[in-house]
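Here are a few exercises to work through with the model open beside you. Try each task before reading its solution.

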Amino acid sequence: MAPQVAGAGTLELQEAEVKAGLLYNFLKYVEPPQPLPSITVCVFGNDPFGGYLQPMAGRSVNQKEIALRIVHAVNDTQDCALVFVAAEEKDRWPQLRKFLAGKPVITVSDFKGFSALGGMIEFGQENDHIHVALNMDAVDAVHLRVEDRLLKLVTIVHPGLPEGGR
Amino acid sequence: MSMRLRQFSIRTLLLFTIGALALLTTTLVAREVYTQWVRLDSISMLKEATKLSDELFDVTYKLSVERDVAYSMLYASDRKTIDDLRTTVESSRRDADASLSSAYGTLEQYRFPEVNEILRRNREQFTEFQALRRQVDTFMAASPATRDRVLPQRWFDQATTVIVHTQDIWMQFATHFTDIDPYVTLHMRFKHVLGIIMEYSGRERALIGKLLAENADPSPAEQLQLLEWRGAANLGWIIGETLARQSGLTPAITPAFKDARSYHQSVYDMMRDIFYQPGAHHTGSYPISAEFWLELATETNDSLYALKDAALAQSHAYVQGLERKAQHEIIVNFLILLFALTLCGYSFRLVSRRVIAPINAIVTALLDAMEGKTVSFALPARSQQNEIGKLAQVLEAFQRNTEKIRQNEKNNAHLAAIVESSDDAIISKTLDGTIVSWNPGAEHLLGYSSDEAVGRHINLIIPEERLEEEVGIIEKLGQNQRISHLETVRRHKNGRRIDISLTVSPIYDLAGNNVGASKIIRDITARKQADAQLLNYTKALERSNKELDDFAYIASHDLKEPLRGLHNHARFLLEDNQDKLDAESVSRLNRLTYLSQRMERLVNDLLYFSRLGRQELAIQTTDLNEVVRDIEDTLDVFLEERHGRITIPKPLPTITCDKTRVTELLRNLITNAMKYNDNAEKIVEIGFLEEQPVTGAGMMKDVFYVKDNGRGIEEGFYDEIFRIFKRLQSNKDSLTEGTGVGLTFVKKIVERHGGRIWLASEPGKGTIFYFTLKGELYDSKASA
């Protein structure tokens, strides 16, 4: 999928570009309790990155090659290292969350209230800039370890665990 | 001795050679060890250099962080951004200063002139940079309105210059290690390239940070710079990959390399459409803040650090490998040296003991042997199997042969002396008769000198009439027979015939072939003459004896006739005129008769005695027991009258003798024993002894004896009794009175048998006559 550069100057696309880059940083600085056999980045729902995510495929992080997958079925997220939940899939998030409960899968989304609903990393806005909120409760629940380098960049939230989170 | 001084002995030469070899080996190995030692030193320098390159990498990084953060800060419009960044600026400044002073301090120790030149320049620039830092601080404190618009760019350029020069130092420094090891230099270059990537990425980061801080769109010039720097960084990745592959860093660092590149690309890709697209612009705010960006971008350097550390670890491992290899080389060379020296020493000792010493011993022995000493070439057992041992064995064998030859020569000389000094002619000749040797005896006997005779044919000395004899001799020699004491005649040079005794023996060579003959010729002229003389004497004697015997016989025979007439006439006178004659005349006539009778007996005895000497003995096998029994028979009346008895203690042997004469011998001895015996019982014992001592003649074997118990004979008369007509005592028994010839006959018979007679006697006790009958006539041994 070719990057949609038609509106390169648009804020949305610029955000998508930045967020795509940030996903790499999450992969790099969030360490699973057990080393993963492979790194698969999954987009749950339609890809909102407009092609910015594609270059990540084939690159490596922590000495493992990265694969990309667009998934629509909850069950398909089984072996993902990171799941980006498209905003439009907000309604299926609880279902997905339940499915992923207990699994050391980094969950990221940019719909508002994602972290409050048990998501781990939520992209938001602050002073017109991208803001990252990290749900430390969700992260801790599955024993993911977040390095300080990432912690410096994000706002840590503790929304507690939603019902059936564990 | 002078020879030895002028000319080195093999031992010395060997010592020199082995010494030279040892020296050469030592030098070669020492050179190698030295090279490795120097290399080891260089390697330790490499290690230091690697460490230093690490520090310089650090300096570059810290400076670029300081530069970029400060640069962004200089453009920040709001106080919050400035305050957020200031902390980072200050900490990176401290880190940069610390790294720089440490790296520069280390660098000065290397004393590389051009490096130090850059260093000096860099220090000057750094002083200016320090001044600029103070300006940056002042700038920050001031209100945005009063800020110097030129300062940010000056700061950026000045900081970049310091970084670039630091990299120059690094480049120059690494050059010095290419000779030590190209790979380590490549490792340094690789890290340098990482530094370049970091530097250009840093510039991008700074410019982006500035644009974000200003919230401004990039100018075309800035876009161009961003693209240029991105290109440089990407080229850095490509060159880095090539270098990593060439220097053997891959595959070890491949994962780290890919990670670092992925991280870099991922982070910078975030800004691609925002700043790198032609005509890129934004509305409102950028989606990301300057400090967020700077933080993200700066952290990518971590992956470069990880990559650099991975390369460094490889470098270290590689250098340690080099170090181990050099140490190993040193140890191996040292061991080789030790081994070579030991081998040299051992070789010297071996050659000295097993070659030179035995040769010296052999030479000494040979020199002694030349002086005629008895020597031994035997070597110790351990040397006997090698070449010299075999040589010694051969010499030992030669030596033994020489001893034998010397002994033979001595024997030969002795034999030659015997031949030379012999009075006999000793000649040797070949099978065809050619004379080969001719001793002085031959010269003397046959008149030819050795020079004249040797080479001539043996017929030279053989008279024409005896040539046939030589043919016979040659035939006998051909059958390997020896001719002993052949009495013949040879011819003197002057033609005179010489009586000789010839002994001829075949001569054999070492292989046992008959190659000639030796002749020993003895001059027997004198003996021949003596023999002839003796023959003459013997004949004369025989003639004289015969004449004497004839005379005795004729005399006795012729005397008998007148005696008989005398006797008869006296008897006739008595018988015819007994009445007319007075008593005295009768007595006288009786006396005359008696005397004439006695005279006749004497003449008869004389006749018999002369016959004894003249007649041949009638030798026959005779049983002596039978002889004694015969005598006993014929003398039975005689014995009875005298109460005589003959005893034979053990049987007598049978011998070969003249029976009649031996019977006479024994009868004479028996009757004598009876006659001169006053005992009532007269006992005569006849016996045989295996051996019996004789005064003055040792032991006699096979002795007969006749022993009586008669009156005995005084020692002074022992010889007297054997003389003819000699009686020691007048016997009362006048009728049987003998003429005194009995013992003379006895002695004669014994002597005719080649025997001997002697006696032992003690007056009043008896006499023992001993006799032997041996000699040439005695054939058969006693068979008792």
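**Exercise 1: the surroundings of one phenylalanine**

Leaving out residues up to four places away in sequence, F377(B) touches I362(B), A365(B), A392(B), L395(B), E396(B) and Q399(B), where contact means that C-beta atoms, placed from the backbone, lie within 7 Å. This is a predicted model, in which local features need pLDDT of at least 70, side-chain atom pairs count only at pLDDT 80 or more, and totals for chains, interfaces and linings use all residues. Residues are numbered from 1 along each chain as its sequence is written, while chains are lettered from A and ligands numbered from 1 in the order in which they are written.

Task: locate F377(B) in chain B and decide whether F377(B) is buried or exposed.

Solution. Start with the chain path: F377(B) is found in the loop between α10 (290–370) and α11 (387–421) of chain B; helices here are DSSP runs of H or I with at least four residues, and strands are runs of E with at least two, numbered from the N terminus. Next, count neighbours: F377(B) has 21 other C-beta atoms within 10 Å, so F377(B) is buried (20 or more is buried, 12 or fewer exposed, and in between partly exposed). Finally, check a distance: T364(B) is 13 residues from F377(B) in sequence, and their C-alpha atoms are 9.7 Å apart.

**Exercise 2: an open sheet**

Task: work out which strands of the sheet β2-β1-β5-β4-β3 in chain B stand at the edges.

Solution. First read the order: this open sheet has 5 strands with antiparallel pairing, and two strands pair if DSSP finds at least two bridges between them. Then look at the ends: β2 (435–438) and β3 (483–491) of chain B each have a single partner strand, so one side of each lacks a neighbour in the sheet. Now zoom in on one pair: β1 (residues 425–430) of chain B joins β2(B) in the antiparallel sense over 3 bridges. K429(B) has I435(B) in β2(B) as its bridge partner.

**Exercise 3: where the chains meet**

Task: find which element gives the largest share of the side of chain A that touches chain B.

Solution. Begin with the totals: 26 residues of chain A are in contact with 27 residues of chain B. Then list the contributors: α1 (11–29), β3 (60–61) and β8 (129–135) of chain A each supply at least two residues of that side. The largest share, 10 residues, comes from α1(A).

Technical notes: Contact = placed C-beta atoms within 7 Å.
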